[in-house]
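Here are my notes for a colleague who is meeting this structure for the first time. Please keep the view open while reading the points.

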Amino acid sequence: NQSAYAYYELYNLSRDAFGQTRYRVTYTISVEDPVRPFNLVRSSFSAITKAFRREDETQVEVSFDQSGDQATTSAYFELSLEKVKPGFNRLTVRVEDLNSGQSAAKEIHFRYKK
């Protein structure tokens with residue numbers, strides 16, 4: 001029952017006519033199969049199998065909307081790792097400014113051991 005924490009900072013959020021910011025934060029944890037450049041046989045085989053594989057990889061996605069009155073904000077959230085598979089995983093955090101329509105995303109790869 002481990003948890004991980006992610007911290008993020010947002011800048012230049014757009015305000016609506018009432019001075020309010022509105023944005024959506026989405027985080028996704030998915031299984032990652034790292035390609036090791038020193039292992040060309042494995043890398044080539046992995047690329048071929050990915051071409052024919054269904055795109056229903058195991059992932060968990062959570063999204064929430066926020067509003068405020070500041071163009072800059074920071075926050076953190078707790079990630080329950082209860083359903084995360086051991087091995088290599090990827091955390092992607094996407095932020096969408098709902099007033100301007102702009103979005104940005106960052107990701108990090110991590111190895112999880114139970």
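1. Start with two rings. Tyr-27 and Phe-77 are both buried. The model is a predicted one, so please read every point below as a statement about a prediction. For Phe-77 the relative accessibility is 7%, which is why it counts as buried; the cut-off is under 20%.

2. Next, the geometry. A pair of aromatic rings is described by the distance of the centres and the angle of the planes. The structure holds three aromatic pairs. One of them joins Tyr-27 to Phe-77, and this pair is stacked. The ring centres are 4.2 Å apart, with 10° between the planes. The pair links distant parts of the chain. Tyr-27 sits in strand β2 (residues 21–31), Phe-77 sits in strand β4 (residues 73–80), and 50 residues separate them.

3. Phe-77 has another partner. Phe-64 and Phe-77 form an edge-to-face pair. Here the distance is 6.5 Å centre to centre, and the planes make an angle of 75°. Phe-64 belongs to strand β3 (residues 59–68) and Phe-77 to β4, so this pair ties together parts that are 13 residues apart in sequence. Is Phe-64 buried or partly exposed? Its relative accessibility is 23%, so Phe-64 counts as partly exposed.

4. The rings also form a group. Tyr-8, Tyr-27, Phe-64 and Phe-77 make up one aromatic cluster.

5. Now the core. In soluble globular proteins, nonpolar side chains tend to be buried together. The largest nonpolar core here has 16 residues. Which of its members touch the most other members? They are Phe-77 and Leu-91. Strands β1 (3–10), β2, β4 and β5 (87–97) each supply at least two residues of this core. The largest share, four residues, comes from β2.

6. Leu-91 deserves a separate look. Leave aside its neighbours within four places in sequence. Leu-91 is then in contact with Ala-6, Tyr-27, Thr-28, Ile-29 and Leu-79, and also with Lys-106, Glu-107, Ile-108 and Phe-110. Tyr-27 thus appears among the contacts of Leu-91 and in the stacked pair with Phe-77.

7. Step back to the whole chain. It contains one helix and six strands. Along the sequence, the pattern reads β-β-α-β-β-β-β. The chain has 114 residues, and buried residues make up 25% of them. Consider contacts between residues at least 6 apart in sequence: 76% of these join residues at least 24 apart. The exposed area is about 8400 Å², and carbon and sulfur atoms supply 51% of it.

8. Then the sheet. Four strands form an open sheet in the order β3-β2-β5-β6, with antiparallel pairing. Which are the edge strands? They are β3 and β6 (103–112), each of which pairs on one side only. From one strand to the next, the twist averages 15°.

9. The pairings can be traced across the sheet. β2 and β3 run antiparallel and are joined by ten bridges. Thr-26 stands opposite Ser-63 in β3. β2 and β5 are also paired in the antiparallel sense, over nine bridges. Asp-97 in β5 is the bridge partner of Tyr-23. Ten bridges join β5 to β6, again antiparallel. In β6, His-109 is the bridge partner of Arg-90.

10. Why is β5 described as largely enclosed by the rest of the structure? Eight of its eleven residues are buried, so the description follows from that count. β5 also supplies at least two residues of the largest nonpolar core.

11. Last, the turn after β5. The hairpin of β5 and β6 has five residues between the strands. In this hairpin, Gly-101 takes a positive phi near 85°. Asn-99 lies in the loop between β5 and β6. Its relative accessibility is 27%, so Asn-99 counts as partly exposed.

12. Where does Asn-99 make its contacts? Beyond its neighbours within four places in sequence, Asn-99 is in contact with Ser-14, Arg-15, Asp-16, Gln-20, Thr-21 and Arg-22. For Gln-20, the separation from Asn-99 is 79 residues in sequence and 9.0 Å in space, C-alpha to C-alpha.

Key: Residues are numbered from 1 along each chain as its sequence is written. This is a predicted model: local features need pLDDT of at least 70, side-chain atom pairs count only at pLDDT 80 or more; totals for chains, interfaces and linings use all residues. Side-chain values use heavy atoms; hydrogens and water are left out. Rings of Phe, Tyr and Trp (its six-membered ring) pair if their centres lie within 6.5 Å; planes under 30 degrees apart count as stacked, over 60 as edge-to-face and the rest as tilted. Buried means under 20% relative accessible area, exposed over 50%, partly exposed in between (1.4 Å probe, protein chains only). Contact means heavy atoms within 4.5 Å. Accessible areas come from the Shrake-Rupley method with a 1.4 Å probe; for residues, only the protein chains shown count as cover. A nonpolar core is a set of buried Ala, Val, Leu, Ile, Met, Phe, Trp, Tyr and Cys residues joined through side-chain atoms within 4.5 Å. Two strands pair if DSSP finds at least two bridges between them. Axes are lines fitted to C-alpha atoms, for helices over the stretch in contact, and angles run from 0 to 180 degrees between N-to-C directions.
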